[in-house]
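Work through the exercises below with the structure in view, and try each task before reading its solution.

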Amino acid sequence: MSRKPISFRTELPLLIWLVIVWGALWRDFSPGNLLFGALIAVLVAKFFYLPPVELSGRFNLLRAIPFALLFVAKVVAASFLVLYLAVVKGPKVRSAVVAVPLRSHSDLMVTATGHVISLIPGSLVVEVDRSTSTLYLHALNIYQEADIDKIRRETQDIEAGLIRIMGTREEVEALKAEAVTGTERAAS
């Protein structure tokens, strides 16, 4: 199988991540073990096709801290909601699979959004369509169309937060333009 060569600079984050995972799996971060992990990482990257993870080169810590706090609050609130639904409503709870189209077509952004959503109790990513950047979520407590719209809006808000933290400059600009357009529609 021939593939387009990927530059070392593009593959470096993947290689570093593989070495960190190697050390964590062995619970040994000694130089010898990490060197062997680096050798394994290079071999894995060379002989197995792993799509390159294209990073934007930016990480906004001032956006990440409030996002993390909001995430923790959502986890706590959703945990209590799931507890309530399990104890009070039991098997009468209705659920649905909801398609949520995302703005970003970046594999990293789609994956990060999916992971954040899956970590919040009451929702789980059951399918990802890479070609359209659509997440299919299994969500609890869905009774009407407004509940579906709420799930879509919350998921897209999480994606917007992740774009502000680590998206490309183009994605951030598109998000700002979308906010301006949305504000103009609300005013009219």
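**Exercise 1.** In this predicted model, find how many aromatic pairs a search of the whole structure gives, and classify the pair formed by W22 and W26.

*Solution.* The search of the whole structure finds two aromatic pairs. For W22 and W26, the ring centres are 5.8 Å apart and the planes make an angle of 55 degrees. Since planes under 30 degrees apart count as stacked and those over 60 as edge-to-face, with the rest called tilted, the pair of W22 and W26 is tilted. As for their place in the chain, W22 and W26 both lie in helix α1 (residues 8-26), and because they are four residues apart, about one helical turn separates them. Finally, W22 and W26 join F36 in one aromatic cluster.

**Exercise 2.** Decide whether W26 and F80 are buried, partly exposed or exposed, and say which nonpolar patch includes F80.

*Solution.* The cut-off needed here is that exposed means over 50% relative accessible area. W26 has 54% relative accessibility, and therefore counts as exposed; F80, at 56%, counts as exposed too. F80 lies in helix α3 (residues 61-89), and belongs to a nonpolar surface patch of about 780 Å², whose other members are V72, V76, L81, L83, Y84, V87 and V88.

**Exercise 3.** Which residues of the largest nonpolar core touch the most other members, and which element gives the most to this core?

*Solution.* This core has 27 residues, of which I158 and L162 touch the most other members. The element that gives the most is α5, with eight residues. Leaving aside neighbours within four places in sequence, the contacts of L162 include F67, M109 and V116.

Technical notes:
Residues are numbered from 1 along each chain as its sequence is written. This is a predicted model: local features need pLDDT of at least 70, side-chain atom pairs count only at pLDDT 80 or more; totals for chains, interfaces and linings use all residues. Side-chain values use heavy atoms; hydrogens and water are left out. Patches are made of residues with over 30% relative accessible area and no salt bridge: like charges are joined within 9 Å, nonpolar side chains (Val, Leu, Ile, Met, Phe, Trp, Tyr) within 5 Å. Accessible areas come from the Shrake-Rupley method with a 1.4 Å probe; for residues, only the protein chains shown count as cover. A salt bridge is a side-chain nitrogen of Lys or Arg within 4 Å of a carboxyl oxygen of Asp or Glu. Helices (H or I, at least four residues) and strands (E, at least two) are DSSP runs, numbered from the N terminus. Buried means under 20% relative accessible area, exposed over 50%, partly exposed in between (1.4 Å probe, protein chains only). Rings of Phe, Tyr and Trp (its six-membered ring) pair if their centres lie within 6.5 Å; planes under 30 degrees apart count as stacked, over 60 as edge-to-face and the rest as tilted. A nonpolar core is a set of buried Ala, Val, Leu, Ile, Met, Phe, Trp, Tyr and Cys residues joined through side-chain atoms within 4.5 Å. Contact means heavy atoms within 4.5 Å.
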